[in-house]
Amino acid sequence: AVAEILANLLENAFRYSPPGTAIGLHCQQLPQGPWQLTVWDAGEPIAAAEREAIFERGFRGRQGQTCAGTGLGLALARDLARNLGGELSLVLPPAAIAPELPGQGNAFCLRLPASAPNH
């Protein structure tokens, strides 16, 4: 399930980031043991009005209107994260996660408990 979530997030980063824009994967263990995996990009930030709506089934943000897709990927990824006892959220800018990440762009953070349930 974690690999499926990360594949979806990386695919979105490649699809929605302008050519030549940096993207990456950041991994860290948080205090008290949970893990956080972050897929980030240095592209145009997602509009404030769309930041929660992008996790709804069938919603396609302004940046996604010209790209192929169904608007299901982030909703399914968040459902998978929650089934593992974790959470998937959007954080802006990526530097809010770690100072070495870009000061502009989007960061999708997957937080998982230190010991995820078996699914």
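Helices and strands are taken here as DSSP runs, of at least four residues for a helix and at least two for a strand, numbered from the N terminus. In this predicted model, the secondary structure of the protein chain comes to 2 helices and 4 strands, and the elements follow one another from the N terminus in the order α-β-β-α-β-β. Of the 119 residues in the chain, 41% are buried, while the accessible surface amounts to about 6,400 Å², with 56% of that area belonging to carbon and sulfur atoms. Among the contacts in the chain with a separation of 6 or more, 52% are accounted for by residues that stand 24 or more positions apart.

The interior can be described through its nonpolar cores. In soluble globular proteins, nonpolar side chains tend to be buried together. The largest nonpolar core holds 18 residues, and the members that touch the most other members are Ile5, Leu9, Ile54, Phe55, Leu88, Phe108 and Leu110. Two or more residues are given to this core by each of helix H1 (2-16), S2, H2, S3 and S4, and the largest share, 4 residues, comes from H1. A second core, separate from this one, has 7 residues, including Ala98, Leu101, Ala107 and Cys109. When residues up to four places away in sequence are not counted, Leu88 touches Leu9, Phe55, Leu74, Ala77, Arg78, Ala81, Phe108, Cys109 and Leu110; Leu88 thus has among its contacts Cys109, a residue included in the second core.

Phe55 and Phe108 deserve a separate description. A pair of aromatic rings is described by the distance of the centres and the angle of the planes. The structure holds 1 aromatic pair, in which the ring centres of Phe55 and Phe108 are 6.1 Å apart and the ring planes stand at 70 degrees; because planes over 60 degrees apart count as edge-to-face, the pair is assigned to that class. Distant parts of the chain are linked by this pair, for Phe55 is placed in the loop between strand S2 (35-41) and helix H2 (73-83), whereas Phe108 belongs to strand S4, 53 residues apart from Phe55. Both Phe55 and Phe108 are buried. The ring of Phe55 has a further neighbour in Arg78, which lies over its face at 3.8 Å from the ring centre.

The loop that joins the last two strands contains Ala95, placed between strand S3 (87-91) and strand S4 (106-112). With a relative accessible area of 27%, Ala95 is partly exposed, because this value falls between the limits of 20% for buried and 50% for exposed residues. Beyond its neighbours within four places in sequence, Ala95 is in contact with Leu101, Pro102 and Gly103, and its C-alpha lies 8.7 Å from that of Ala107, a residue 12 positions away in sequence. Pro93 is also found in the loop between S3 and S4, and the peptide bond that leads from Leu92 to Pro93 is cis, with omega near -15 degrees. Most residues other than glycine have a negative phi, and most peptide bonds are trans.

Cysteine residues were considered last. A disulfide is a covalent bond between the sulfur atoms of two cysteines. A search of the whole structure finds 0 disulfides. Cys109 has a relative accessible area of 0% and is therefore buried, since buried means under 20%, whereas Cys27, at 47% relative accessibility, counts as partly exposed.

Technical notes
Residues numbered from 1 in each chain as written. Predicted model: local features only at pLDDT ≥ 70, side-chain atom pairs only at ≥ 80, totals over all residues. Heavy atoms only, no water. Buried < 20%, exposed > 50% of the residue type's maximum accessible area, 1.4 Å probe, protein only. Contact = heavy atoms within 4.5 Å. Disulfide = S-S within 2.5 Å. Phe/Tyr/Trp six-rings, centres within 6.5 Å; stacked < 30°, edge-to-face > 60°. Lys NZ or Arg CZ within 6 Å of the ring centre and 35° of its normal. Core = buried A, V, L, I, M, F, W, Y, C linked by side-chain atoms within 4.5 Å. Areas by Shrake-Rupley, 256 points an atom, 1.4 Å probe, with all protein chains shown as cover.
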